[in-house]
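Dear colleague,

I am passing on the structure we spoke about, and my notes follow below it. Please keep it open while you read.

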Amino acid sequence: MGKWRNGSGQLMVAGQDGSVNGSVDLEVAASYAARRRGLLGRDGIEGALLITPCNSVHTFRMRFAIDVAYLDKELKVLDVHTLRPGRLPLPRWRARHVLEAEAGAMARWGLRPGVRVSLDV
């Protein structure tokens, strides 16, 4: 994908037959400051936040539960978890990017391990 920059775009999730299930609003956090801030201080998020490069997150001082998807360098989902505030999951060593969204959103989008996503940023 080349050089990542902070910004916005669209996230597309492929369905079982390879068709796109729809698009989701996406924020990209690529700078150190944007990655460090993440979703802290927010009461929610419409869409998703892509943190790159990243292979580990935490939910200390978060105000709401989140879904976390770990992506490899080809944007294939390695793992998906729902985290309550105050959690520190283990890092995923093969992950290069992390998607965050409100709890329950990724199941609605059909995001699960093995699914490949595409971005329009």
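Two strands are said to pair if DSSP finds at least two bridges between them, and with that in mind you can look at strand E6, where Leu 49 stands opposite Glu 100. Please remember throughout that this is a predicted model.

E6 has two partners to look at. E3 and E6 run antiparallel and are joined by three bridges, while E4 pairs with E6, also in the antiparallel sense, over six bridges; there, Ala 69 stands opposite Leu 99 of E6. Five of the six residues in E6 are buried, so the strand is mostly covered.

Leu 99 also appears in the largest nonpolar core, which has 22 residues, and together with Leu 11, Leu 26, Leu 50, Trp 109 and Leu 111 it touches the most other members. Among the elements that each supply at least two residues of this core are strands E1, E2, E3, E4 and E6, as well as helix H2. In soluble globular proteins, nonpolar side chains tend to be buried together. Setting aside neighbours within four places in sequence, Leu 11 is in contact with residues including Val 24, Leu 26, Leu 99, Trp 109 and Val 117.

Finally, which residues lie closest to the centre of the largest pocket? They are Arg 35, Arg 36, Ile 51, Val 57 and His 58, out of 14 that line it. This pocket holds about 200 Å³ of space, and its lining divides into seven nonpolar, three polar and four charged residues, with helix H1 giving the largest share, three residues.

Best wishes

Definitions and conventions. Residues numbered from 1 in each chain as written. Predicted model: local features only at pLDDT ≥ 70, side-chain atom pairs only at ≥ 80, totals over all residues. Heavy atoms only, no water. Core = buried A, V, L, I, M, F, W, Y, C linked by side-chain atoms within 4.5 Å. Buried < 20%, exposed > 50% of the residue type's maximum accessible area, 1.4 Å probe, protein only. Helix = DSSP H or I, 4+ residues; strand = E, 2+ residues; numbered from the N terminus. Contact = heavy atoms within 4.5 Å. 1 Å grid on protein atoms, 1.4 Å probe; cavity = no way out; pocket = protein on both sides within 12 Å on 5 of 7 lines; lining within 4 Å. Points joined across faces, edges and corners; volume = space filled by probe spheres on them. Nonpolar A, V, L, I, M, F, W, Y, C, P; charged D, E, K, R; others polar.
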